[in-house]
Amino acid sequence: MNFRDVSKVHFGGDDVSLYGTPKEELGPGQLCVGGSGAQPGGAEPKPSFLKNQLQALFQPTDNKLAMKLFGSKKALMKERIRQKAAGHWIIHPCSNFRFYWDLCMLFLLVANLIILPVAISFFNDDLSTRWIAFNCLSDTIFLIDIVVNFRTGIMQQDNSEQVILDPKLIAKHYLKTWFFLDLISSVPLDYIFLIFNQYRDKEDFSESFQILHAGRALRILRLAKLLSLVRLLRLSRLVRYVSQWEEVYVSSFLNMASVFMRIFNLISMMLLIGHWSGCLQFLVPMLQGFPSNSWVAINELQKSHWLEQYSWAFFKAMSHMLCIGYGRFPPQNLTDLWLTMISMISGATCYALFIGHATNLIQSLDSSRRQYRERLKQVEEYMAYRKLPRELRTRITEYFEHRYQGKFFDEEMILGELSEKLREDVINYNCRSLVASVPFFANADPGFVSEVVTKLKYEVFLPGDIIIKEGTIGNKMFFIQEGIVDIVMSNGEVATSLSDGSYFGEICLLTNARRTASVRAETYCNLFSLSVEHFNTVLDSYPLMRRTMESVAAERLNKIGKNPSIVSNREDLTNDCKTVNAIVNALASVAATEQCDGGTSSEESMMTHDAHGHKSRHHHHHNLLDLGSIGKALAKGHLPRPKSENNFALSLDQPSPLNRNRPSFHKSDTFHKDTSFQ
Ligand code: CMP
């Protein structure tokens, strides 16, 4: 088959399919039916517009089913060409035609499965024109459905790419599977039976048999009624269509919607079975001619309106189904007894299945919360088993609550299942608030930020927890996402406090020495830690960032009266230190001035101790002028800027709404004016 001859894929300007993508279009004289290929030169007559449109309807379009099956539009185009080659008016299972046909069949099936049992059980005029018309119409459509099924390609469960499009194979497959069930449920057996009987009656009709004939006619009608019940086998089609739709459309919905959809389907199925059972409860006594001890006679419903009869019958069926009772009265005769038993067994089984399914679905809806509860329960049991003291238990529970916030995820496992790029994107997104709040990141190279954040580990500390102990060997540093920590010196004095956006624990990693101070959590602290290995790897690739960190560390050491040269012995460290100091002092004076002025805006948060030693978080607003002068000081100094120095200075010189929210210095470098470390 030469595809080049068969068709050309061509995107027309405004030729947009139902789902918003370009439709494949054939060039003039290129339509091929029956796989013969088009003859260039216009040997074949031009296909009619209607035929063209109809064949386009039979082609796969980029609906959800097709996208799920073929994955890409390119593959879809290939499939269209393949389908065209198959020809013979084959309908593709992913075509618009099949979609709308299935939709219509779904409505018709539901209508049939609800109306049929009611009409058979509660209406006696089986031969009324309306009823015959309804039956004939629906039977005809269901017969057409069989024909359509013979012309619809078959999707193979395991091999999605290979939709069977060969008519012979389709027919073979359909004949082997659902054909007979579909045929039996579509053929009007009752009417065939009645016509056949009428014909026989005419032949051997004689006056002497008239009375006998009347009785026989009634029996025949009842038999026809029973035969019409065969139509209920259409349920198999409903189950098939619904499960196919569920698979394609519901599974790709959001979790919530899909769960509710499935529960809705389950409830509908249960109600349908209750409905059928109710109709059966009435049909059997009706066929028996309402014996005096049947439930219909006991309830005196023989002559009531059909709605009243149906309501009692449905009530009875639902009572059996939900194992609540027998309806109004328990069964009095053997037929009722058996009917009740059948309805109880089938109903209760369905109900049990429904409960099981619904519980499963609801449980899967909030699995993270369930897992959290399970974990917490285990922790509680463990604490009881180990007989931990009450105070420790409270702290553990508090930690658990604060760390997981009611939901438990195996984040490592989830992220491990993603591709590297996706994992990085997710981590970057998760850390966006940290990156925004840490000035060290906010002004840094995006590559550096991305490398650091992908290596961060989330940790939570409770108030009073010692995060770092002075004199120990450190193996990680921390970034504060939220919370306040105290830097405690060896004499027990609090040197300073750091809050959201600051970092600490870096000196030890830079110097390979012991921790220079203790760090204690003052409030609940959400921190991100960076291990020493990752710290070194990242800083080795970004030496400028190391220099910045070293300068800040030296200044910090200076402030707590330790030798700053342990951080680095490079010559320009003193200069860098001076620059940082200048910035810090400028900042502190700005902070102090604004504090006097009563400025309360939210640019930066800084910790101060009041006269009574109480700590409070002050929010200081630095207007653009102040920031500008600090920026200029930095630009003049030798301190390397994490990003482009020029950009930084420029952006500060030219106030823009953007840099209003971007602190240009590190919060951890803000010191209290009244605290002297020397
Ligand atoms: P490290 O020595 O690893 O452990 C204690 C940490 O406290 C230290 O790193 C610094 O990050 C931090 N630190 C020490 N002194 C100060 C200070 N004066 N201001 C802010 N942070 C400090």
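**Ligand environment and largest pocket**

In this predicted model, a backbone N or O atom of Gly505 is placed 2.7 Å from an oxygen atom of the ligand. Taken alone, the ligand exposes 450 Å², of which the protein buries 100%. A backbone N or O atom also approaches the ligand at Ile507, where the distance to a ligand oxygen atom is 3.5 Å, while at Arg556 an N or O atom of the side chain lies 3.2 Å from an oxygen atom of the ligand.

The shell around the ligand comprises 15 residues, and the closest of these are Gly505, Glu506, Cys508, Arg515 and Thr516. Helix 23, which spans residues 506–511, contributes 3 residues, the largest share of this shell. When the shell is divided by class, 9 of its residues are nonpolar, 3 are polar and 3 are charged.

The largest pocket of the model encloses about 1,000 Å³ of space. Its lining is formed by 28 residues, among which Arg403, Glu411, Glu412, Lys457 and Tyr458 are the closest to the centre of the pocket. Several elements of secondary structure each supply at least two residues of this lining, namely helix 17 (390–404), helix 18 (411–416) and helix 19 (420–430), together with strand 3 (457–461) and strand 10 (525–531). In terms of residue class, the lining of the largest pocket consists of 12 nonpolar, 7 polar and 9 charged residues.

Note on methods
Residues are numbered from 1 along each chain as its sequence is written. This is a predicted model: local features need pLDDT of at least 70, side-chain atom pairs count only at pLDDT 80 or more; totals for chains, interfaces and linings use all residues. Side-chain values use heavy atoms; hydrogens and water are left out. On a 1 Å grid over the protein atoms alone, a cavity is a set of points where a 1.4 Å probe fits but cannot get out, and a pocket is an open set with protein on both sides within 12 Å along at least five of seven lines; lining residues have an atom within 4 Å of a point. Grid points are joined across faces, edges and corners, and a volume is the space filled by probe spheres set on the points. Helices (H or I, at least four residues) and strands (E, at least two) are DSSP runs, numbered from the N terminus. Ala, Val, Leu, Ile, Met, Phe, Trp, Tyr, Cys and Pro count as nonpolar, Asp, Glu, Lys and Arg as charged, and the others, Gly among them, as polar. A residue is near a molecule or strand if one of its heavy atoms lies within 4 Å of it. A polar contact is a pair of N or O atoms within 3.5 Å; within protein, one must be able to donate a hydrogen and the other to accept it, and residues adjacent in sequence count only if both atoms are side-chain atoms. Accessible areas come from the Shrake-Rupley method with a 1.4 Å probe; for residues, only the protein chains shown count as cover.
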